[in-house]
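This report asks how the chain shown below is organised, and which residues meet in its interior. It moves from one residue to the cores, and from there to the chain as a whole.

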Amino acid sequence: MFHTLDTAILPHLSQSYPQKLQFIFRQQIQPWHPSSTLCHEAAAAVLRIAPGKFWEYSKLLFEHQKDFFDVNVVQETRNETYRRLAKLATEVGVDEGEAYGLLEVGDKPGKDGGLNVGNGVTDDLKVMVKVNRLMGVHVTPTVLFNGVVENSISSSFSGQQWQEWLDKNIK
C-alpha cells in the first residue's frame, strides 16, 4: 500500500484536492512482527533528526523491508539490527552515528536502577501507540476519513480504486 500511496494517491490528492484534504501518515507498530518495531524506531529516529527525510526513509524501509523480516534478523542482536537501520539512514542523508545514538540500547541500568531502559526514541514510540489506540487503529493498514475508520479501504486497493473512492467521497 505504501508504494500505491507514494506513487498514485498522494500525487492525485495534491493535483485534485490541494486545499480540501489533509493527509496524515502514522506508524502502526505490530507486536506480532517484533523486528518491525525496530524499523519503526529507526523511522522515529530519522523523524527526530531530520523531519524532512522521514518520508524518504519510510520509502526506503519499505523497499528494504525483507532485510528486516524475522528470519533475516534472528541471528543478530537488537543493536546489530539498529546498526543496519542506522546505516540505511545514510542513504537519505542522515548521519549514521546520530541515528544509532538514538537507537542503541545500553547495557547499564538507568539512573533509577531500572533495567528496561529503552533507547532515545522509546518515549516517541509510546506516544505513537497511544495515539493510534485512541484513534481506534489496531491493524495495518487502517485508513481514517474525517476521523472515522474507513473499513472499505484495504491494502489491495489499486491507485485507480483509491482515485475513485476519493473522487466519490471528497466534496
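## Contacts of Y82

In this predicted model, a useful starting point is Y82, which, once neighbours within four places in sequence are left aside, is in contact with L38, E41, Y100, L103, E104, V105 and N119.

## Nonpolar cores

Y82 is also one of the residues with the most contacts inside the largest nonpolar core, a group of 30 residues in which Y57, L61, L85 and V94 are likewise listed as having the most contacts. The elements that contribute two or more residues to this core are α2 (34–49), α3 (54–63), α5 (78–89), α6 (96–103) and α7 (122–135), and α2 gives the most, with seven residues.

A second core, separate from the one just described, consists of twelve residues, among them L13, Y17, F145 and I153. As a general background to such groupings, nonpolar side chains in soluble globular proteins tend to be buried together.

## A44 in helix α2

Is A44, a residue found in helix α2, buried or exposed? Its relative accessible area is 1%, and because the limit for a buried residue is under 20%, A44 counts as buried.

Not counting residues up to four places away in sequence, A44 touches Q27, V121, D124 and M128. The pair A44 and M128 shows how positions distant along the chain come together in contact, since the two are 84 residues apart in sequence while their C-alpha atoms are 9.6 Å apart in space.

## The chain as a whole

The chain contains eight helices and two strands, and, read from the N terminus, its elements follow the order α-α-α-α-α-α-α-β-β-α, with the two strands placed before the last helix. Taken along the principal axes, the C-alpha atoms fill a box of roughly 55 × 35 × 30 Å. Among contacts with a sequence separation of 6 or more, 60% are accounted for by residues 24 or more positions apart.

## Surface and charge

Of the 171 residues in the chain, 36% count as buried. The chain exposes about 10700 Å², of which carbon and sulfur atoms supply 53%. As for charge, the chain carries 17 positive and 20 negative charges, and the mean positions of these two sets lie 6 Å apart.

Terms used: Residues are numbered from 1 along each chain as its sequence is written. This is a predicted model: local features need pLDDT of at least 70, side-chain atom pairs count only at pLDDT 80 or more; totals for chains, interfaces and linings use all residues. Side-chain values use heavy atoms; hydrogens and water are left out. A nonpolar core is a set of buried Ala, Val, Leu, Ile, Met, Phe, Trp, Tyr and Cys residues joined through side-chain atoms within 4.5 Å. Buried means under 20% relative accessible area, exposed over 50%, partly exposed in between (1.4 Å probe, protein chains only). Helices (H or I, at least four residues) and strands (E, at least two) are DSSP runs, numbered from the N terminus. Contact means heavy atoms within 4.5 Å. Accessible areas come from the Shrake-Rupley method with a 1.4 Å probe; for residues, only the protein chains shown count as cover. Lys and Arg count as positive and Asp and Glu as negative; His and the chain ends are not counted. The place of a charge is taken as NZ of Lys, CZ of Arg, CG of Asp or CD of Glu.
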